[in-house]
Amino acid sequence: MNTIATLIAQARKIVIKIGSNTLADSNGCINEAFLNEFAEQAALLISTGKQLVLVSSGAQAAGLSTMSKWARKQDIHYKQALCAVGQVELMGAWRRAFQVHGLHIGQILLTRDDFGDSIRTLNMRNTLFTLVDEGIVPIINENDTVGVEEIKIGDNDTLAAQSAILWSADLLILLSDIDGLYCENPKDHPDAVLLEEVSNISATKTCISTGGTSSFGTGGIATKLDAAEQVVSYGIPMILAHGGERALEALAAGTQRGTAFLVGL
Ligand code: ADP
């Protein structure tokens, strides 16, 4: 068994974050076929005794495809309104996908303030434990309709890391549009090398690049490394992998490559 398959086999409580690029199809609509396939794989894992919490992006994409006439509106209130519409569509699609397998879902919308307040944190933790104990799949997203810049978490990688820590998860899996962490951005450097195991994140940060003009810290990969640093410091390993093509199944079987961020001894 490879490292990723071993991490999944050993974990009982798993947080899985799915990025917008993975959830949306080429037209920018929610890819229901992906959701259905994902729910099927998740249900299988749950039937083997695993507990899952999902962090799902995609509210804005779902909103845009529902309210296409708003596509050009850049006003913050329209963006938030789009998320209000899209969140319903997104959760509707998740509900239908899991219902087929006899599973209920529960929606949790969070902002940064929620993680800074000890009473709210305790309530969130209790709700997560109750939902999972009752066999329900919690689906977390940032509450974009109330999230003005000052109170936004800003990206679901951080939200997923904080949720994994809050729930005392055994493993965090980030599903993205990339196979894992490379020494350079593979979209600019096709020969970039995939780093399959990372045990020292700060040292790794100094020897990889995000390529092009985007400096380290602005690219999408930076928040994934920050998420890894956060969870690993709490003893939770993280896997970064491509979300397409029955990824959960393939990762668990050890047939798909990715990056495993390991907890030091
Ligand atoms: P998601 O929407 O799944 O959260 P992001 O677009 O935020 O994903 O981040 C993933 C992107 O980061 C990749 O598509 C890739 O182009 C870019 N990237 C930049 N540098 C690297 C690197 N060193 N290794 C992997 N991906 C990188």
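Start by selecting Phe38 in this predicted model. Show whatever touches Phe38 beyond four places in sequence, and you get Ile16, Ile18, Leu54, Trp94, Leu175 and Leu248.

Now widen the selection to the nonpolar core around that side chain. Phe38 belongs to the largest nonpolar core, a set of 38 residues. Phe38 is also listed with Ile16, Trp94, Ile173 and Leu175 as having the most contacts inside that core. Which helix gives the core its largest share? Color helix α3, residues 32–47: 7 residues of the core come from there. As background, nonpolar side chains in soluble globular proteins tend to be buried together.

Hide that set and bring up another one. A second core, separate from the largest, has 35 residues. To find your way into this second core, pick Ile140, Ile153, Trp167 and Ala228, which are among its members.

Next stop, the ligand. Select its surroundings and you should have 18 residues, with Ser176, Asp177, Tyr182, Lys187 and Lys224 as the closest. Then put distance labels on three pairs:

- Lys187: a side-chain N or O atom sits 2.6 Å from a ligand oxygen.
- Tyr182: here a backbone N or O atom is the partner, 2.9 Å from a ligand nitrogen.
- Lys17: a side-chain N or O atom is 3.0 Å from a ligand oxygen.

How much of the ligand does the protein bury? On its own the ligand exposes 580 Å², and 86% of that is buried by the protein.

Keep Lys17 on screen and add Asn156, since the two touch. Leaving out residues up to four places away in sequence, Asn156 also touches Val55, Ser56, Ser57, Asn141 and Glu142. You'll find Asn156 in helix α8, which covers residues 156–166. Is Asn156 buried or exposed? Asn156 counts as buried because its relative accessible area is 9%, under the 20% cut-off.

Last, switch to cartoon and select strand β7, residues 238–242. Of its 5 residues, 4 are buried, so the strand is mostly covered. Two strands pair with β7, and each is worth a look:

- β5 (residues 171–176) runs parallel to β7, joined by 5 bridges. Zoom in on Ser176, which stands opposite His242 in β7. Ser176 is also one of the residues closest to the ligand, so you can step from the strand straight back to the ligand's surroundings.
- β8 (residues 259–261) runs antiparallel to β7, with 3 bridges between them. Here the pair to pick is Ile239 and Ala260, which stand opposite each other, Ala260 being in β8.

Key:
Residues are numbered from 1 along each chain as its sequence is written. This is a predicted model: local features need pLDDT of at least 70, side-chain atom pairs count only at pLDDT 80 or more; totals for chains, interfaces and linings use all residues. Side-chain values use heavy atoms; hydrogens and water are left out. A nonpolar core is a set of buried Ala, Val, Leu, Ile, Met, Phe, Trp, Tyr and Cys residues joined through side-chain atoms within 4.5 Å. Buried means under 20% relative accessible area, exposed over 50%, partly exposed in between (1.4 Å probe, protein chains only). Contact means heavy atoms within 4.5 Å. A residue is near a molecule or strand if one of its heavy atoms lies within 4 Å of it. A polar contact is a pair of N or O atoms within 3.5 Å; within protein, one must be able to donate a hydrogen and the other to accept it, and residues adjacent in sequence count only if both atoms are side-chain atoms. Accessible areas come from the Shrake-Rupley method with a 1.4 Å probe; for residues, only the protein chains shown count as cover. Two strands pair if DSSP finds at least two bridges between them.
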